[in-house]
Each structure stands twice: as C-alpha cells, then as structure tokens.
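Colleague: Please choose a single part of this structure and examine it closely, residue by residue. I should then like to see how the rest of the fold compares in its details, in one connected account.

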Amino acid sequence: MKKHAQFHGSDLEEIEKIYHIPKEEIVCFGANVNPLGLSAQVKKQLSEHLDIITAYPDRKYSSLRQAIGQYCDIDPNYIVVGNGSTELISLLIQHRTPKSALLLGPTYSEYERELSLCGGKLSYYTLSAAKDFQLDVSDFCQNLNHTIDLLIICNPNNPTSSAISVSDLKTIVQTCQKLDIFVMIDETYIEFASSIPALSAVCLVPDYDNLMVLRGVSKFFAAPGLRLGYGMTSNEDFRNILKEYQNPWSLNSIGAFAGELFLQDTDYIQKTRQLIETERTRIYETLQTIPELKAFKPSANFVLVQILNEGVTSFDVFDNLIRQKLMIRDCSSFEQLDGEFIRFCIMSPEENTRLLHALKTFFSEN
C-alpha cells in the first residue's frame, strides 16, 4: 500500500511545500482552535502593556492563579501554572514515573510520547466506533487493577469528541483511589462543551488527592503560541514536587498577564460558546444527510466522521479538500482508530458551509 504523508492539524508549512498552496489561503479545520481568533479586547490590552516584559513575572503567579481560581471556582492554592499544558503533562508523567499506565483511547499522541520516555508499560482501553465511542464505565472500572499506577483521560476526548459525565468520572476516580492509581484528566476542550458543570472534574479536585485536572488557553482562547497551561490538584506533596522540578518563571510575563485578561473576557467567552453550540448542531445534522458518512455526536469544537464508502480512504478525502484549500485532519495516524476517519473543527458559519458542500460534492461523485 502506498504510504501517504501525514499532517498535524497545524502543519501549514508542510502543506504549502507539498501542494504549492500559499498557507495564508488555506482554511485550517485541523487545529481545533477557536474560529473567533484572539480576543480584540485582549489584543488591545496586550499592545498597551508590552513594557511588562521589562520585569520578571511573579515567581508564584499569585494574581494569575487567583484569576484561574475564580474562573474555575476552585481554591487558587490547588493551582499550578506552566508553559502550556504540555509542560505539565511532561512534569506529571516524569515525576509520577508510572510503571504501568492506562490510556483511554484513541487519544492525543503526546501522552504516549511522554510515557515512552519513562520506559514504563503502556496499555489502552479502547473506545469502540460501534458504541459511538461512549464509555461503559462499569466495564472500564472492572478493568482497573493494582498493577496500574497512572490513568490518563482526555475529556472531551480528541479525536472522538466524545465525553464522560462528571458522575461517571467520580466513579472512576473513586475506584482509582482504592487501587492507588493517580488520574490525570485533560480538559483542553471542556469550555466548548454544551454544559461544563456536567462534564468537568474540577469539582472533584478538593475531595480526591489522586487527581490532577489540566487545562490551557491554546484552543478555546485561540492562543496556542502563548504557551499557557494550568493544572489543579489537592495533592500538596505532588504540587510541591512539580514546583521543585519546574523551571523558574516557566511562564513569561506576557503569558501571565494575558491569562488573566482571557479568563475575565466574559463577552468573548459567551460569543464563542454561542457560535460553537449553534454551528455544532447544524454541522452534525447536515452530516446526517450524507449516507456515505457516519458522524459521531460531538461534545467539543470538532467532529469525528467515519467514511463508509469502501475504497475511499481518509487520505482521498483529505487530498480532495486540500486542493480546494480546505484542510481537515486525516485520522489514519491515530492508533486504536480502526477504519477510515476524518476530523474537522468548527470554523465560521461561511467556512463550515463551504466544507459541508465540498464533502457532499465529493461523495456524490464517489
């Protein structure tokens, strides 16, 4: 079988090189970033306070942690900030040093990469397309045992856009506590969900010291280049270990300042949630009318779609769309995803309509 190039959601430079399409002309449906772009209010404030870089940030990030605490309704003392959630994932895995980790898959590849550096054993509990990637919590908990020391869950999950309720998460965390399993829950996409309280594990943090919840500003606040992430755990010993091994001033002054502005920009937050909710419903309902595709009900700002046409691959669809300057994600690089799948995020209504029309046209001709 011919091997095709595989692209990350933001590999616009590689696309430009291979397809000879200027990256500025490509509509990127692959990066899962807020289509509103950077908040105009935050942009203005940042431009007026650039001299903030002449001073070191507060080593404890007290003001930022206070803002995060208010935004997430959690004690600021439970909060650790970092250079993107990626840094915190790395620190967590390095210093939990798991001998045996369990991942709920298919999921984000960075977890596996970090775990591989520790040399521990890695296994997956794989969600099934036949069950719409919904977790059977009872069966899952029965598969947990004393040999596992770290569980990683992405909620809502990437790439499936499926989600686990907070009541089910509580059952999982309780079971893990009895088995001495530490749980990391990545909530990168939680703010796009229809109901954050119905899904978020933040409310569990004060009661369970075997839990850390991670978030960041890359996706919801359209600021992946800022590299601001934060984690929440009531495990004081573990927080102290993270701070001890973390580089001083891991987050720069602009990142710390901007983080507060993002979390307090209620108008931007409301507009984003309204746009995503409306377009997510419209896109999902439209996809239901294309018989060659099966769309899985999304909880995040992206949709996973299975191609039902025999002989049509995810790369075929990717290749056709990129030539129309529409970049989706070919999901063939996700292990544990058995079949042909594509994923694309929610963009502006006009861009979404353009993509849906292109998909309808492609499958009507194939």
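Modeller: Helices and strands are here DSSP runs numbered from the N terminus, with at least four residues for a helix and at least two for a strand. The model is a predicted one. The part chosen is the loop between strand S5 (150-154) and helix H7 (166-178), where Ser162 has its place. Pro159 lies in the loop between S5 and H7 as well, and so does Ser161.

The backbone of this loop deserves attention. Most residues other than glycine have a negative phi, and most peptide bonds are trans. The peptide bond from Asn158 to Pro159, however, is cis, with omega near 20°. Ser161, which is not a glycine, has a positive phi near 65°. Ser161 counts as buried, because its relative accessibility is 0% and the cut-off for burial is under 20%.

Ser162 can be described in further detail. Its relative accessibility is 5%, and it therefore counts as buried. The side chain of Ser162 reaches the backbone oxygen of Phe133 at a distance of 3.2 Å. Apart from residues up to four places away in sequence, Ser162 touches Leu127, Phe133, Gln134, Asn155, Pro156, Asn157 and Ser299.

Several of these names return in the lining of a cavity. The structure holds one cavity of 30 Å³ or more, and the largest cavity contains about 50 Å³ of space. Its lining consists of Leu104, Leu127, Phe133, Gln134, Leu135, Cys154, Asn155, Asn157, Ser162, Ala163 and Ile164. By class, seven of the lining residues are nonpolar, four are polar and none is charged.

A second cis peptide bond can be set beside that of the loop: the bond from Gly105 to Pro106 is cis, with omega near -5°. Pro106 is found in the loop between strand S3 (100-105) and helix H5 (109-118). Positive phi values also occur elsewhere. Just after helix H4, Thr97 takes a positive phi of about 40°. His20, a residue other than glycine, has a phi near 55° and is found in the loop between helix H1 (12-19) and strand S1 (27-28). The setting of His20 is an exposed one, because its relative accessibility is 67%; Ser161, by contrast, is buried at 0%.

For H4 itself (residues 84-96), the 13 residues should span 18 Å at 1.5 Å a residue, and the end C-alpha atoms are 19 Å apart, which agrees. Its buried residues are Gly84, Ser85, Glu87, Leu88, Ile89, Ser90, Leu91, Leu92 and Ile93. Glu87 is touched by Ser250, which also touches Tyr61, Gly82 and Asn83, residues up to four places away in sequence being left out. Ser250 lies in the loop between helix H9 (236-245) and helix H10, and it counts as buried because its relative accessibility is 14%.

The helix that follows that loop, H10 (residues 253-264), has 12 residues and reaches 17 Å from its first C-alpha to its last, close to the 16 Å expected. At its N-terminal end, Asn252 acts as a cap, with a side-chain oxygen 3.1 Å from the backbone nitrogen of Ile254. Of the 12 residues of H10, 10 are buried, so the helix is largely enclosed by the rest of the structure. The buried residues of H10 pack against helix H2 (40-48), helix H3 (62-72), strand S8 (228-232) and helix H11 (266-287).

One residue of S8 is Leu228, which counts as buried because its relative accessibility is 2%. Beyond its neighbours within four places in sequence, Leu228 is in contact with Leu64, Gly82, Gly84, Gly216, Val217, Leu251, Gly255 and Gly259. Of these, Gly255 and Gly259 are among the buried residues of H10, and Gly84 is one of the buried residues of H4. Leu228 and Asn83 are 145 residues apart in sequence, yet their C-alpha atoms are 5.2 Å apart in space.

Conventions
Residues numbered from 1 in each chain as written. Predicted model: local features only at pLDDT ≥ 70, side-chain atom pairs only at ≥ 80, totals over all residues. Heavy atoms only, no water. Expected span 1.5 Å × (residues − 1). Buried < 20%, exposed > 50% of the residue type's maximum accessible area, 1.4 Å probe, protein only. Contact = heavy atoms within 4.5 Å. Polar contact = N/O pair within 3.5 Å; in protein donor to acceptor, adjacent residues only side chain to side chain. 1 Å grid on protein atoms, 1.4 Å probe; cavity = no way out; pocket = protein on both sides within 12 Å on 5 of 7 lines; lining within 4 Å. Points joined across faces, edges and corners; volume = space filled by probe spheres on them. Nonpolar A, V, L, I, M, F, W, Y, C, P; charged D, E, K, R; others polar.
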